[in-house]
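Please open the structure in a viewer and keep the selection tool at hand. The tour below proposes one selection after another and states what is to be found at each.

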Amino acid sequence: MTTTAGTRTVTFREAFREGLRDALAADDRVFLMGEDVGRYGGCFAVSQGLLEEFGEERVRDTPLSESAFVGAGIGAALGGTLPIVEIMTVNFAMLALDQIVNNAATLRHMSGGQFSVPLVLRIPTGPGRQLGAQHSHTLEGWFAHVPGLRVVAPATPADARGMLATALADPDPVLIFEQIALYGVSGALPADAGPVDLDRAAVRRRGTDVTVVAYGGTVAPALDAAAALAAEGVSAEVVDLRTLRPLDSPAVVDSVSRTHRLVVVDNAWRSGGPGAEVVARVAEQALDQLDAPVERVGAAEVPVPYPRHLEEAALPSVTRVVEAVRRAVG
């Protein structure tokens, strides 16, 4: 970690850890639970040192049963605590789908508003680390489909640190999808970084010629592509969705209404993914604002390959984003 005037340079891993430490220190009702979050320090070292700092009551290692410990988290939330439950990687979230979709997401509705489930699920997600097809899924769109859940995807160190505080203040379940490939990446964390607004997308770069919509791990390649395009005289605006449910449609529509072109970048498979939802909403709300067909950059519709060169070929890249923008601007 390095420090400059007004900012610190931290890794995403450090930013997530700071968010956890702040939450545990601020409220005795908060506790962290999950596989290997304590003595091992987390599968990706995010919770390293927190067991020693806060003790076994606040940082709890669980058995290897996602359904069991997510269910325990739901019960703890109903009982008045504020659990942060880590699922080791997103593929293991499939083992807890019944708890997440049938219980956490529905209890407020089914109780007529009598019960809230203030549960936070931290879920490492996404490809890019040669973890094999079964550990490289991008399934945020599955959960964004479900009413009763809030689904967020931090793309900056400030959001990595600040989303947790806002999530814990939400009376309903919040799923934070943390891009695995970002954990070791460094970025600037402002000295005044605090809780993050989970209702609004963020414009990460202003532009006039084309809107590039991204979230989570695709924001960085979108920004790199925008910088490369600027050298060609193309001004790309980059919108970071931040939250997939509820989706901030007005922010996307506002940008498209100014640039009149749209490129969507998504690590998920194109069919039925979050990028498809963005395109559908623009078609519904701002079709007459488009001066060119929408371009989509997504993952190849295959199980994510293990070999590095094939994995890279299957995923969105700066080059593919640049090519999509070139097509959009003609």
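Begin by selecting Phe 143, which touches Ala 93, Leu 97, Ile 100, Leu 149, Val 151, Leu 175 and Phe 177, leaving aside residues up to four places away in sequence. Please bear in mind that the model is predicted.

**The nonpolar cores**

Phe 143 belongs to the largest nonpolar core, a set of 46 residues. Add Val 70, Ile 100, Leu 119, Leu 121, Leu 175 and Leu 241 to the selection; together with Phe 143, these are the residues with the most contacts inside that core. Helix α3 supplies the largest share of this core, namely five residues. A second core of 34 residues is separate from it, and among its members are Met 163, Ile 176, Ile 180 and Tyr 183. As general background, nonpolar side chains in soluble globular proteins tend to be buried together.

**The sheet of seven strands**

Next, display the strands. Seven of them form an open sheet with mixed pairing, and their order is β4-β3-β5-β6-β8-β7-β13. At the edges lie β4 (59-61) and β13 (243-245), each of which pairs on one side only. From one strand to the next, the twist averages 20°.

Select residues 82-86 and 120-125 in order to see β5 and β6, two parallel strands joined by three bridges. Which residue of β6 is the bridge partner of Val 85? The partner is Leu 121, a residue already met among those with the most contacts in the largest core.

Now add residues 66-78, which make up helix α3. This helix packs on the sheet and touches β3 (30-34), β5 and β6, and its direction makes about 165° with that of β5.

**The sheet of five strands**

Turn to another open sheet, whose five strands follow the order β10-β12-β11-β14-β15 with mixed pairing. Its edge strands, β10 (202-205) and β15 (295-299), each pair on one side only. Here the twist averages 25° from one strand to the next.

Within this sheet, select residues 210-214 and 236-240: these are β11 and β12, paired in the parallel sense over five bridges. Val 213 stands opposite Val 239 in β12. Then select residues 274-286, helix α11, which lies across β11, β14 (262-269) and β15 and runs at about 150° to β14.

**A pair of helices**

Select residues 219-230 and 318-329, which are helices α9 and α13. Their axes come within 8 Å and cross at roughly 55°; α9 and α13 are therefore oblique to each other. The crossing of α9 and α13 is right-handed. On the α9 side, the contact is made by Pro 221, Asp 224, Ala 225, Ala 228 and Leu 229. On the α13 side, Val 318, Val 321, Val 322, Val 325 and Arg 326 take part.

**Three places in the loops**

Finally, inspect the backbone at three points. Select Arg 245 and Pro 246: the peptide bond from Arg 245 to Pro 246 is cis, with omega near 0°. Pro 246 is located in the loop between β13 and α10 (249-259).

Move to Ala 45, in the loop between β3 and α2 (50-54). Although Ala 45 is not a glycine, its phi is positive, at about 65°.

The last stop is Gln 130, in the loop between β6 and α7 (140-144). Gln 130 is likewise not a glycine, yet it has a positive phi of about 50°. How exposed is Gln 130? Its relative accessible area is 24%, so Gln 130 is partly exposed.

Technical notes
Residues numbered from 1 in each chain as written. Predicted model: local features only at pLDDT ≥ 70, side-chain atom pairs only at ≥ 80, totals over all residues. Heavy atoms only, no water. Pairing = 2+ DSSP bridges. Helix = DSSP H or I, 4+ residues; strand = E, 2+ residues; numbered from the N terminus. Axes fitted to C-alpha atoms, helices over the stretch in contact; angles between N-to-C directions. Contact = heavy atoms within 4.5 Å. Core = buried A, V, L, I, M, F, W, Y, C linked by side-chain atoms within 4.5 Å. Buried < 20%, exposed > 50% of the residue type's maximum accessible area, 1.4 Å probe, protein only. Parallel < 35°, antiparallel > 145°, perpendicular 65-115°, else oblique. Left-handed = near helix turned anticlockwise from the far one by under 90°.
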